Amino acid sequence: MGEEFNKDKALVEDWALFLAPYGQAVEELKLKLKSIRQEYIDLDKHAPIEFVTGRVKTPESILEKMAVRHIDNENFLYGVQDIAGVRVMCQFVEDIYEVAELLLKRTDFKVVMIRDYIKNHKPSGYRSYHMILEYPVERIEGNISVIVEVQIRTLAMNFWATIEHSLNYKYDGKYPVEILERLQRASEAAFLLDEEMSQIREEIHEATKLFDSK
């Protein structure tokens, strides 16, 4: 990988300069999503957003993904759509779709693609809701648009995905049959937990309000 990395280093002359707008987009989106959460709280409503995180891929991670997916230099901006990533955590599955609807209505960026891995989960059991945004960033040299991937998940989905990511790194995506079966069962268990919590969400909302008032 080292030799290939050095060869592809010329893909971008200055990685820090190239990634800066992506970092700015992530920080701005995090702030806007946290502001949405606070607005719900100020209105004494259930906030569909529990918390927000974000990150920008490292040059090494970008090049590694290109190598794994056989993405050539000319198409790397299209092929690697998660250079900038924002993750939104929700309490309930219903919250995921509420957040997605809020983002679709925004006028300060454009949603260009949606991948619903909740209604159509991956064979491994992966569930999440992905939105690809075209986000405008104001820079000294003018406005530019960057692609940002927003992942919206419940806490249960995120727990499963975090474990699966570690296993995927270990097995390079080629899971032993037993591990894959266990992952799939764990995914179903996590989704069942989400469904059960949805059934009692009104009671949970009331309990949360009572707790917060003390």
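This text walks through a predicted model, from its paired strands to its largest pocket, its cavity and two single residues.

Strand β5 (142–154) is a convenient place to start. Two pairings involve this strand. On one side of the account stands β4 (129–139), which runs antiparallel to β5 and is joined to it by 11 bridges. The chain passes from β4 to β5 through a hairpin of 2 residues. One position in this pairing can be picked out by eye: Met131 has Val150 in β5 as its bridge partner. The other pairing is with β2 (84–90). Here the strands run parallel, and 7 bridges join β2 to β5. In this case Met89 stands opposite Arg153 in β5. When following a strand in the viewer, it helps to know that in a regular strand the side chains alternate between the two faces of the sheet.

The next topic is empty space. Rolling a probe the size of a water molecule over the atoms shows where such space is left. The largest pocket holds about 1,400 Å³. Its lining is made up of 36 residues, and those nearest the centre are Lys65, Arg69, Asp82, His165 and Asn168. Several elements give two or more residues to this lining: the strands β1 (51–56), β2, β4 and β5, together with the helices α3 (59–69), α4 (76–79) and α6 (155–171). The paired strands described above therefore reappear here, since β2, β4 and β5 are each among the elements that the pocket definition picks up through lining residues. Of the elements, α6 gives the most, with 6 residues. By residue class, the lining of the largest pocket divides into 13 charged, 13 polar and 10 nonpolar residues.

A search of the whole structure also finds 1 cavity of 30 Å³ or more. The volume of this largest cavity is about 60 Å³. Its lining consists of Gly125, Arg127, Ala156, Met157, Trp160, Ser187, Ala190, Phe191 and Asp194. Two elements, α6 and α7 (177–199), give two or more residues to the lining of the cavity. Helix α7 gives the most, with 4 residues. The classes here are 5 nonpolar, 2 polar and 2 charged.

One of the residues lining the cavity is Arg127, which is found in the loop between β3 (110–116) and β4. Is Arg127 buried or exposed? Its relative accessibility is 6%, and the cut-off for a buried residue is under 20%, so Arg127 counts as buried. The side chain of Arg127 makes a polar contact with the side chain of Glu188, at 3.1 Å. Leaving aside residues up to four places away in sequence, Arg127 touches Tyr117, Ile118, His121, Met157, Ser187, Glu188 and Phe191. Among these, Met157, Ser187 and Phe191 also line the largest cavity.

The last stop is Tyr97, in helix α5 (residues 93–105). Tyr97 has a relative accessible area of 25%; this lies between the 20% and 50% limits, so the residue is partly exposed. Again not counting residues up to four places away in sequence, Tyr97 touches Asp116, Ile118, Lys119 and Tyr129. Ile118 is also one of the residues that Arg127 touches. Tyr97 and Ile152 are 55 residues apart along the chain, yet their C-alpha atoms are separated by 8.7 Å.

Terms used:
Residues are numbered from 1 along each chain as its sequence is written. This is a predicted model: local features need pLDDT of at least 70, side-chain atom pairs count only at pLDDT 80 or more; totals for chains, interfaces and linings use all residues. Side-chain values use heavy atoms; hydrogens and water are left out. On a 1 Å grid over the protein atoms alone, a cavity is a set of points where a 1.4 Å probe fits but cannot get out, and a pocket is an open set with protein on both sides within 12 Å along at least five of seven lines; lining residues have an atom within 4 Å of a point. Grid points are joined across faces, edges and corners, and a volume is the space filled by probe spheres set on the points. Ala, Val, Leu, Ile, Met, Phe, Trp, Tyr, Cys and Pro count as nonpolar, Asp, Glu, Lys and Arg as charged, and the others, Gly among them, as polar. Two strands pair if DSSP finds at least two bridges between them. Buried means under 20% relative accessible area, exposed over 50%, partly exposed in between (1.4 Å probe, protein chains only). A polar contact is a pair of N or O atoms within 3.5 Å; within protein, one must be able to donate a hydrogen and the other to accept it, and residues adjacent in sequence count only if both atoms are side-chain atoms. Contact means heavy atoms within 4.5 Å.
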